[in-house]
Amino acid sequence: MKLVWCPESASKAYIDTVKSCEVFEESSVAELVSAMAGGWKPQLIVETWFHGGVITTSVGLAVASRHICGRHVCVVPNEQAKLDYIEEMRKACNICPEVIVGEVEQVMTRLIGIDFLVVDCRRKDFATTLSLAQLSNRGAVLICKNSTARSLNFRWRSVVDGGSRIVRSANLPVGKGLEIAYVATGSSKGLSPGKATTRWVRHIDQLSGEEHVYRR
């Protein structure tokens, strides 16, 4: 199996997120991320949050997970951050996902089958979070928000394990920058027993430096 796009659920998640975030000044990231989560219909959505972080993205993910009946988990570094997160979500939309407290090195190894992951580039451990993620065999969508908040010089290949392939990636000027990648893992590559092996072709964009892998 692999992730399949559903425009109907994407539209519903987007519209409800617009309504839920109308009191916030900046909600473009939340609206886009919610539409993506609603459209790809992941079974396990994981995000990271820290004290003082913007809550709108979490609202968008919560709205999307409600539409698709998926599991939504937020990873926070300590108990105080957990309390702050729950209170912020209660004020914003009265929806609160599952909250797990701990360092990403311990938490990420316990979350098996992630197919939608959102990290904040302002956290020092964002690259570690990506590299330790136990991705679903259906594939996964990885999102780094606030990518222009610090001077970043990384490629997706450096934070994704060798058993995965970056099928598509993009850098979008939304909010303070969004880095997005669609990853194929294991059986999500669409191969079936007895069929010819798919050939993958790598291309590096000379302008952006991004690495793209195409299937032929």
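In what order do the strands of the open sheet stand, and how are they paired? I will take that as the starting point for this short introduction. Please keep in mind throughout that the structure before you is a predicted model.

The answer is that 7 strands make up an open sheet, arranged in the order 3-2-1-5-7-9-8, with mixed pairing. The two edges are strand 3 and strand 8, the latter covering residues 164-172, and each of these pairs on one side only. Leaving direction aside, neighbouring strands in this sheet are turned by 20° against each other on average.

For orientation, let me give the overall figures. The protein contains 6 helices and 11 strands. Of its 216 residues, 50% are buried. Among contacts with a separation of 6 or more, 68% are between residues 24 or more positions apart.

Let us now begin at one edge of the sheet. Strand 2 pairs with strand 3 in the parallel sense, over 4 bridges. One residue to locate here is Val73, whose bridge partner in strand 3 is Glu98. Helix 4 packs on the sheet and touches strand 1, strand 2 and strand 3, and its direction makes about 160° with that of strand 3.

Helix 4 deserves a closer look. It spans residues 79-92, which is 14 residues, and from its first C-alpha to its last it reaches 20 Å, close to the 20 Å expected at 1.5 Å a residue. Which residues of helix 4 are buried? They are Ala81, Asp84, Tyr85 and Met89. Viewed down the helix axis, these buried residues fall within an arc of 130°, so they line one face of helix 4. On the other side of the helix, Leu83 and Lys91 are exposed. The cover over the buried residues includes strand 1 (44-48), helix 3 (56-68), strand 2 (71-76) and strand 3 (98-101).

Both ends of helix 4 offer a detail. At its start, a side-chain oxygen of Asn78 comes to within 3.3 Å of the backbone nitrogen of Gln80. After the helix comes Asn94, which has a positive phi, near 60°.

Helix 3 also lies against strands of the model. It lies across strand 1, strand 2, strand 5 (116-120) and strand 7 (140-145), and it runs at about 170° to strand 1.

That brings us to strand 1 and to one of its residues, Leu44. Is Leu44 buried or exposed? Its relative accessible area is 4%, and because buried means under 20%, Leu44 counts as buried. Setting aside neighbours within four places in sequence, Leu44 is in contact with Arg71, Val73, Ile112, Gly113, Ile114, Asp115 and Phe116. As to Arg71, its C-alpha atom is separated by 4.9 Å from that of Leu44, although the two residues are 27 residues apart along the chain. Val73, in turn, is the residue already introduced as the bridge partner of Glu98.

From strand 1 we may turn to strand 5, where Asp120 lies. Asp120 is buried, with a relative accessible area of 3%. What does the side chain of Asp120 meet at 3.0 Å? It forms a polar contact of 3.0 Å with the side chain of Asn146. In addition, a polar atom of the Asp120 side chain lies 3.0 Å from the backbone nitrogen of Arg122. Beyond residues up to four places away in sequence, Asp120 touches Thr48, Phe50, Phe126, Lys145 and Asn146.

We can now cross to the other edge of the sheet. Strand 8 and strand 9 (residues 178-185) pair in the antiparallel sense, over 8 bridges. In this pairing, Ser164 stands opposite Thr185 of strand 9. The hairpin formed by these two strands has 5 residues between them, and Gly175 there adopts a positive phi near 60°.

Finally, I would draw your attention to a residue of helix 1. Lys19 is placed in that helix, which covers residues 7-20. With 53% relative accessibility, Lys19 counts as exposed. The C-alpha atoms of Lys19 and Cys93 are separated by 10.0 Å, with their positions 74 residues apart along the chain.

To close, let me return to the opening question: the sheet is open, its order is 3-2-1-5-7-9-8, and its pairing is mixed.

Note on methods
Residues are numbered from 1 along each chain as its sequence is written. This is a predicted model: local features need pLDDT of at least 70, side-chain atom pairs count only at pLDDT 80 or more; totals for chains, interfaces and linings use all residues. Side-chain values use heavy atoms; hydrogens and water are left out. Buried means under 20% relative accessible area, exposed over 50%, partly exposed in between (1.4 Å probe, protein chains only). The expected span of a helix is 1.5 Å times one less than its number of residues. The arc is that of the directions from the helix axis to the C-beta atoms. Contact means heavy atoms within 4.5 Å. A polar contact is a pair of N or O atoms within 3.5 Å; within protein, one must be able to donate a hydrogen and the other to accept it, and residues adjacent in sequence count only if both atoms are side-chain atoms. Two strands pair if DSSP finds at least two bridges between them. Axes are lines fitted to C-alpha atoms, for helices over the stretch in contact, and angles run from 0 to 180 degrees between N-to-C directions.
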